[in-house]
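Please open the model in your viewer and keep the sequence panel beside it, since the tour moves back and forth between the two. Each stop suggests a selection and then describes what is found there.

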Amino acid sequence: MSEPLLTVERLKKYFSITKGIVLARTIGWVKAVDDISFAIPPGETLGLVGESGCGKTTTAFLVLQLYTPTSGVIRLDGVDINNFEGQERAVYRRSVQAVFQDPYSSLNPRMRVHDIIAEPLVVNTKMTKGDVADRVKEVISQVGLPPESPSLFPHEFSGGQRQRVALARALALAPKLIVLDEPVSGLDVSVKAQVMNLLKDLQQRLGTAFLLVAHNLADVRYMSHCVAVMYLGKIVESAAGEELFTRPLHPYTQALLSAALPSHPGVQRKEIVLSGEVPGPVNVPPGCRFHPRCFKAMERCSEEEPSLEAVHSQHRVACHLYSGAGQ
């Protein structure tokens, strides 16, 4: 097994809650991401799933250095990025790019496509205008857009084509990792399939790794080599893609999969209805954070927080039902 491209260890991001204007004081913390660890090998995709507010987008922003971690380590090729400054940070940002959810708002409507894609090249490299133009044509071809695209504005494209423009911009610097934040959630089903196939094809040809943040489990299953499930800032289960979808262990993962559309109309499965609402990330429940809604909760679940342990192979789960199962 190859060494990880990206390694995240004990990562935390807390946002302070303050009271007062002149003499503001901290009265609490929003624990958006609370002690998570994962790794992404070169050329593979990690899918990060969970309900809204679970911390997956905050995790993506931490990887992109849009947020500063409260604590923890993020490593690219074994090097801690938290201490990067100046040139080191510029190199990292060339190596890690992003494609966001809404192609309507992530592209400048006043810029032609050529300038949108060329911008990271102009800012981050010393390429000549001719080399920049050649690179723009190259990535335009890679994402399957027509040759005349560079001269057009974003409003002249469909939603799927705009997302291809956003992907072309991310590919311009030949990054090692692309963070995909809900990249196909706003697209029609047929267009979504085209974009996902394009992403998989590009990964095979270019060897680019992806961190895929999504809530649609079918998209994650199709795209991901490994999947991590988040709940209230914690990773509660992680495994190889098919392993997690065919053998979910954590009660929360089981509930998520029972609520998703089956992969085939003939598939029968038990419906799991969770009680209550998702607690807020300010006053998280003691012990296991899922225990107030868990249909398999035990007495110790409200007192002890389970650690993420390997049950078998690369399948890890944070649940007292499996404590010591991997020993």
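Two strands are taken as paired here if DSSP finds at least two bridges between them. Keep that in mind while selecting tyrosine 14, whose bridge partner in strand 2 is lysine 31. The model is a predicted one, and every stop below should be read with that in view.

**The hairpin and the four-stranded sheet**

Extend the selection from that pair to strand 1 (residues 6-19) and strand 2 (residues 25-40), which run antiparallel and are joined by 12 bridges. The hairpin they make has 5 residues between the strands, and among its residues glycine 20 takes a positive phi near 95°.

Now add the remaining strands of this sheet, which is open, has 4 strands in the order 2-1-4-5, and is paired in antiparallel fashion. Strand 2 and strand 5 (79-80) stand at its edges, and because each has a single partner strand, one side of each is left without a neighbour in the sheet. At the strand 5 end, strand 4 (residues 71-76) is joined to strand 5 by 2 bridges, the two running antiparallel; there, arginine 75 stands opposite aspartate 80.

Before leaving this sheet, select helix 1 (residues 56-63), which lies across strand 1, strand 2 and strand 4 and runs at about 75° to strand 2.

**The eight-stranded sheet**

Select next the open sheet of 8 strands, whose order is 6-7-8-3-9-10-12-11 and whose pairing is mixed. Its edges are strand 6 (96-99) and strand 11 (309-312), each of which has a single partner strand, so that one side of each is left without a neighbour in the sheet. From one strand to the next the twist averages 20°.

Zoom in on the strand 6 edge, where strand 6 and strand 7 (residues 177-181) run parallel and are joined by 4 bridges. One pair to pick out is valine 96 with its bridge partner in strand 7, leucine 177. Helix 2 (residues 87-95) lies across strand 6 and strand 7, and its direction is at about 45° to that of strand 6.

**The nonpolar cores**

Which residues touch the most other members of the largest nonpolar core? Select Ile117, Val143, Leu167 and Ile178, which hold that place among the 53 residues of the core. Helix 6 (residues 159-171) gives the most to this core, contributing 6 residues.

Isoleucine 178 merits a selection of its own: leaving aside residues up to four places away in sequence, its contacts include Gln97, Ala98 and Val99, then Leu167, Ala170 and Leu171, and also Thr208, Ala209, Phe210 and Leu211. A second core, separate from this one, has 31 residues, including Val33, Cys54, Ala60 and Val179.

**Helix 4 and its surroundings**

Select helix 4 (residues 113-124), in which Val113, Ile116, Ile117, Ala118, Pro120 and Leu121 are buried. These buried residues pack against helix 5 (129-142) and helix 6.

From leucine 121, step to aspartate 131, which is 10 residues away in sequence and 9.6 Å away in space, C-alpha to C-alpha. Aspartate 131 lies in helix 5, and its relative accessibility of 40% makes it count as partly exposed.

**The cysteines**

How many disulfides does a search of the whole structure find? The search finds 0. Select cysteine 288, which is in no disulfide and whose nearest cysteine sulfur, that of cysteine 301, is 5.9 Å away; cysteine 288 counts as buried, at 12% relative accessibility.

Move on to cysteine 294, whose sulfur is 6.3 Å from the closest cysteine sulfur, in cysteine 319, and therefore too far for a bond, given that a disulfide requires the two sulfur atoms to be within 2.5 Å. Cysteine 294 also counts as buried, with a relative accessibility of 17%.

**The whole chain**

Finally, clear the selection and look at the protein chain as a whole, whose secondary structure comes to 10 helices and 12 strands. Its C-alpha atoms fill a box of roughly 65 × 60 × 40 Å along the principal axes. The radius of gyration is 21 Å, which agrees with the value near 20 Å that a compact globule of 327 residues would have. Of the 327 residues, 47% count as buried, and among contacts between residues at least 6 apart in sequence, 63% join residues at least 24 apart.

Technical notes:
Residues numbered from 1 in each chain as written. Predicted model: local features only at pLDDT ≥ 70, side-chain atom pairs only at ≥ 80, totals over all residues. Heavy atoms only, no water. Axes fitted to C-alpha atoms, helices over the stretch in contact; angles between N-to-C directions. Contact = heavy atoms within 4.5 Å. Core = buried A, V, L, I, M, F, W, Y, C linked by side-chain atoms within 4.5 Å. Buried < 20%, exposed > 50% of the residue type's maximum accessible area, 1.4 Å probe, protein only. Rg over C-alpha atoms; globule rule 2.2 N^0.38 Å.
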